[in-house]
Amino acid sequence: MSDDRFDEPGPADPDRGYADFEFERRFFVRELPAELRDAPALIVQSYFLADDGYALRVRVQAGDTDVDLAEDTDPAEILRAHTADIDFAAVTVKGPAIGGTRYEAERELDPNIGVELVRRGGAPIVKVRYAVWLGADGWSIDVFGGANHPLVVAECERAGPVTGLQIPDFCVTEITDDRRFSNESLAMEPYSAWAPSFTAELAADGPVFRQDFGPNTHLRL
């Protein structure tokens, strides 16, 4: 018996195009500029698989919900406090990232089912995502809580390869292909555990911005 929810083009279908791929560039940020604290969404997500770049994730999200996150923030407590605000849930399968491109297949879930899945298993992450328009692109800026506090990551995602990017001046260095900063890695090895070594690495090597996506330009706020 057919279920229309699953009657979608397969990955080999040419009409699907890039539907199951994400194209993004990601950057380490020391602190979110106050003027960009707009259009927030609270996100709690749990990783049921995170191995060698492959991931299986369930995410629940509360739109228009801002929370002050700290190092002692408990994802489970945040989820309990905001269950009534959850308005979106999805299960996502990801493959390894290569050069800013990654296989990603996401399917929406009933929010109630998503909440129960996140509650019952996996390695959780809590963050608030702010959506802003900067230069020619929309950006997402994630502020993490709990064991990943005070990490802030900015990313620009497009429907195709992210070339010729205007990089905002609050971006300290590019982390597009640094697997340590992938969310599934952060769920297993939180930022707080290796932040001192990363800080020393950045001080010694200096910032790096990829040049193989075409010329970057500097964007001042």
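## Exercises on surface, backbone and salt bridges

L56 counts as partly exposed, because its relative accessibility is 30% (buried is under 20% relative accessible area, exposed over 50%, partly exposed in between, with a 1.4 Å probe and protein chains only). The model is predicted, so local features need pLDDT of at least 70 and side-chain atom pairs pLDDT 80 or more, while totals for chains, interfaces and linings use all residues. Residues are numbered from 1 along each chain as its sequence is written, and side-chain values use heavy atoms, without hydrogens and water.

**Exercise 1.** Locate L56 in the secondary structure and name the residues that make the nonpolar surface patch.

*Solution.*
- Step 1. The strand that holds L56 is β3 (strands are DSSP runs of E, at least two residues, and helices runs of H or I, at least four, numbered from the N terminus).
- Step 2. L56 joins F21, F48, L49, Y54, V93, Y103, I113 and L117 in a nonpolar patch of about 760 Å² (Shrake-Rupley area, 1.4 Å probe; residues over 30% relative accessible area without a salt bridge, nonpolar side chains joined within 5 Å and like charges within 9 Å).
- Step 3. At least two residues of this patch come from each of β2 (40–51), β3 and α2 (111–120).

**Exercise 2.** Describe the backbone at D52, at D64 and at the bond from H149 to P150, and place these residues in the fold.

*Solution.*
- Step 1. Most residues other than glycine have a negative phi, and most peptide bonds are trans.
- Step 2. D52 is not a glycine, yet its phi is positive, about 55°. D52 sits in the loop between β2 and β3 and is exposed, because its relative accessible area is 56%.
- Step 3. D64 also has a positive phi, near 55°. The loop between β3 and α1 (75–82) contains D64, and this residue counts as exposed because its relative accessibility is 69%.
- Step 4. Between H149 and P150 the peptide bond is cis, with omega near 5°; P150 belongs to the loop between β7 and β8.

**Exercise 3.** State how many salt bridges the model has, then analyse the pair of R107 and D20.

*Solution.*
- Step 1. Side chains of opposite charge can pair when their charged atoms come close.
- Step 2. The count comes to 22 salt bridges (a side-chain nitrogen of Lys or Arg within 4 Å of a carboxyl oxygen of Asp or Glu).
- Step 3. In the salt bridge of R107 with D20, the closest N and O atoms are 3.8 Å apart. Because R107 lies in strand β5 and D20 in the segment before β1, the pair ties together parts 87 residues apart in sequence.
- Step 4. R107 is partly exposed, with a relative accessible area of 31%, whereas D20 is buried at 6% relative accessibility.

**Exercise 4.** Trace the salt bridges of R129 to D142 and to E155, and name the network that links them.

*Solution.*
- Step 1. R129 and D142 form a salt bridge whose closest N and O atoms are 2.7 Å apart. This pair links distant parts of the chain, R129 in strand β6 and D142 in strand β7, 13 residues apart.
- Step 2. R129 is buried because its relative accessible area is 18%; D142 is likewise buried, at 1%.
- Step 3. E155 meets R129 in a salt bridge of 4.0 Å, N to O. Here strand β8, with E155, is linked to strand β6, with R129, across 26 residues. Both E155 and R129 are buried.
- Step 4. The salt-bridge network links E24, R26, K127, R129, D142 and E155.
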